[in-house]
Amino acid sequence: MVIQSTLSTHSLSVVLPRAIQSEMVTVSVKKGDKLNIVADAWHMENDCHYEWQVHFAPGDADMPSVRARFAPDGKLTITVQRRIPGQTSGYSRGPLGTRF
């Protein structure tokens, strides 16, 4: 997984094997500014489970802003807006897990 950060956004990307379909990917936000990503091809026995946990610095990431895109070529891209110091989240609370 490649993580790139700018002053306004964190961007995470990874190209998953073709056997991994969008419905096999789960992205979830956890307490403590953590982001969990799991890709699991349950019908396979080898090279079928991928998992990442990304820890952001406390207060740096606006966790409700997490957005994920799964491209047809298997590229998973996740973006997270960064908070400006002293800024509160501009998003309302809602479900924080994304299942494709």
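Trainee: How many bridges join strand 1 to strand 2, and do they run parallel or antiparallel?
Mentor: In this predicted model, strand 1 and strand 2 (residues 9-15) run antiparallel and are joined by four bridges.

Trainee: Which residue in strand 2 stands opposite Ser 5?
Mentor: The residue opposite Ser 5 is His 10.

Trainee: What is the order of the strands in the open sheet?
Mentor: The order is 1-2-7-6, which makes four strands, and the pairing is antiparallel. In general, strands of a sheet pair through backbone hydrogen bonds.

Trainee: Which strands stand at the edges?
Mentor: Strand 1 (2-5) and strand 6 do. Each has a single partner strand, so one side of each is left without a neighbour in the sheet.

Trainee: By how many degrees are neighbouring strands turned against each other?
Mentor: On average they are turned by 15 degrees, with direction ignored.

Trainee: Now to the other edge. How many bridges are there between strand 6 and strand 7?
Mentor: Strand 6 (residues 67-70) pairs with strand 7 (residues 75-81) over four bridges, in the antiparallel sense. Within this pair, Arg 67 stands opposite Thr 79 of strand 7.

Trainee: What lies between those two strands in the hairpin?
Mentor: Four residues lie between strand 6 and strand 7, and in this hairpin Gly 74 takes a positive phi near 95 degrees.

Trainee: A change of topic: what is the mean pLDDT of the protein?
Mentor: The mean is 86, and 85% of the residues reach 70 or more. Over residues 91-96, however, the pLDDT is below 50. That stretch has nine contacts in the model beyond near neighbours in sequence.

Trainee: How should coordinates be read where pLDDT is low?
Mentor: Predicted coordinates should not be read in detail where pLDDT is low.

How values were computed: Residues are numbered from 1 along each chain as its sequence is written. This is a predicted model: local features need pLDDT of at least 70, side-chain atom pairs count only at pLDDT 80 or more; totals for chains, interfaces and linings use all residues. Side-chain values use heavy atoms; hydrogens and water are left out. Two strands pair if DSSP finds at least two bridges between them. pLDDT is the predictor's confidence in each residue, from 0 to 100. Contact means heavy atoms within 4.5 Å. Axes are lines fitted to C-alpha atoms, for helices over the stretch in contact, and angles run from 0 to 180 degrees between N-to-C directions.
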